[in-house]
Amino acid sequence: MSLHDPVAETGASYDNPNDLAAFWMPFTANRQFKQKPRMLVSAKGMHYTSHDGRRILDGTAGLWCVNAGHGREKIVEAVQNQVRELDYAPAFQMGHPKVFALASRIAALAPEGMNHVFFTNSGSEAVDSALKIAIAYQNVRGQASRTRLIGRERGYHGVGFGGISVGGIVSNRRFFGPLINGVDHLPHTHDLEHNAYSRGQPAWGAHFADELERLVALHDASTIAAVIVEPVAGSTGVLLPPKGYLERLREICDRHGILLIFDEVITGFGRLGSSFGAERFGVTPDMITCAKGLTSGVVPMGAVIVRDEIHDAFMQGPEGAIELFHGYTYSGHPLAAAAALAALDTYAEDDLFGRAAEMAPYWEDAVHALKGLPHVIDLRNIGLIAGIELESISGKPTARAFEAFLRCYDKGLLIRTTGDIIALSPPLIIEKSQIDEMFGLLADVLKALP
Ligand code: PXG
């Protein structure tokens, strides 16, 4: 044990570390990466700079989070000023002004009647918090038998035990034991046979929501606390809700006293050309989980936005009693709150949500212009999101899309792949010329792929 700095001692610098072994990287093929690392050393606007000095066009807003673009002065300054002024304040039984201001700002952006915000440090924590609030709410309103949670196949809700339990990704679940009890899943809504090459929401598939009736018939409504879905599933390859699907889920939940949670970690803060997917789709859930774009990715932060009735149900009993036994050391951290306030200012000043909506038709045309290129079997889009599904190489799932990722990176474009699906989600500041550049480059890569 020592506090010496092994990197500095070797004469190497942090810009060019010579030993990559110690860092166990998340969701990464560690051994492959460390043989040929891809390091990003700086970022500005729409671009990263790689460690070998190349400009990389950011097709993914980092990981779906840098919605305002990189290095925005207002956000940088807000964080710098905040760290000097108040670095940390205890989160329990104490407060600091910015986090209250931020909660009000978020409530103002959220659908009507959703005026209370619980802060976390990530999307995963927001999801686990929302699931706990759902079960606790059923308890405080006298429906303690409602403990069951319903997720969806191909859903991604982060990596906490709650999130992977309601999530529907086999690799994220199978190594981790029995997960939490009393969870069931709706079927996913992805159907290439009926919906391939849909522009925006597919016309077919609202009836997938009726599967919730089947689960209610199986388990009884009196055992079900909540349903959680992503309005648009991002991580599993940009799966859009069929027209009428979310509306029908809302109806069925209402009929049976089941809470509806929208996981808007990706769809929040302008990605769909609106504050939230709830607004875009005209369906109001009981809770919204969010993160990522909340601070434009600059400081980690997540949140659960809660409908008034849910919050108010907890505000009873003796005033000196803690109403919800849940929270994190860094809930509403001053740096995150400052970054989020500045991000929300930036979104408003530049009308970035409106800009995303305006740019979406141009984006849609660019996406669908890839039709007919080798290996492409579906193209999907909504807001500033695209999904490009490739035919898998027989016996080697994921290999083709990963090869596309490597080749794009070599050519100066950052894309994201999941299975054999390419997902694009650029910062909302993207220009038309950069959309052209992005899809031009991608088309070249697709044409040359094995
Ligand atoms: N819910 C949703 C809908 C998400 O997309 C999380 C929860 C978890 O958030 P945290 O902050 O705990 O990671 C997410 C995260 C990808 C990708 O490339 C997506 C996410 C994270 C990393 C990569 O698809 N989504």
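**Reading the ligand shell and the sheet**

Mentor: Let's begin with the ligand: domain 1 (38-68 + 351-448) and domain 2 (76-349) both give residues to the shell around it, so the ligand lies between them. The domain bounds come from an automatic or database domain assignment. This is a predicted model, in which local features need pLDDT of at least 70 and side-chain atom pairs count only at pLDDT 80 or more, while totals for chains, interfaces and linings use all residues. Residues are numbered from 1 along each chain as its sequence is written.

Trainee: How do I read that shell, and which residues come nearest to the ligand?

Mentor: A residue counts as near a molecule or strand if its C-beta atom, placed from the backbone, lies within 6 Å of it. Here 18 residues surround the ligand, and Gly123, Ser124, Gly158, Ser235 and Val265 come nearest. Two or more residues each are given by α3 (61-64), α6 (123-140) and β14 (416-418). Such helices (H or I, at least four residues) and strands (E, at least two) are DSSP runs, numbered from the N terminus.

Trainee: Which element gives the most to the shell?

Mentor: That is α6, with three residues.

Trainee: Now the sheet. In what order do its four strands stand?

Mentor: Two strands pair if DSSP finds at least two bridges between them. In this model the order is β11-β12-β15-β14, an open sheet with antiparallel pairing. β11 (376-382) and β14 are at the edges with a single partner strand each, so one side of each has no neighbour in the sheet. From one strand to the next, the twist averages 20°.

Trainee: How many bridges join β11 to β12?

Mentor: Six, linking β11 with β12 (residues 385-390). You can find Arg380 opposite Gly387 in β12.

Trainee: Which helices pack on this sheet?

Mentor: For contact, two residues need C-beta atoms, placed from the backbone, within 7 Å. Angles run from 0 to 180 degrees between N-to-C directions, with axes as lines fitted to C-alpha atoms, for helices over the stretch in contact. Helix α15 (residues 352-368) touches β11 and β12, and its direction makes about 175° with that of β11. Helix α16 (residues 399-411) touches β12, β14 and β15 (421-424), at about 170° to the direction of β14.

Trainee: And what do β2 and β3 form?

Mentor: A hairpin with four residues between the strands, where Gly53 in the turn has a positive phi of about 80°. Tyr48 has Ile56 in β3 as its bridge partner.
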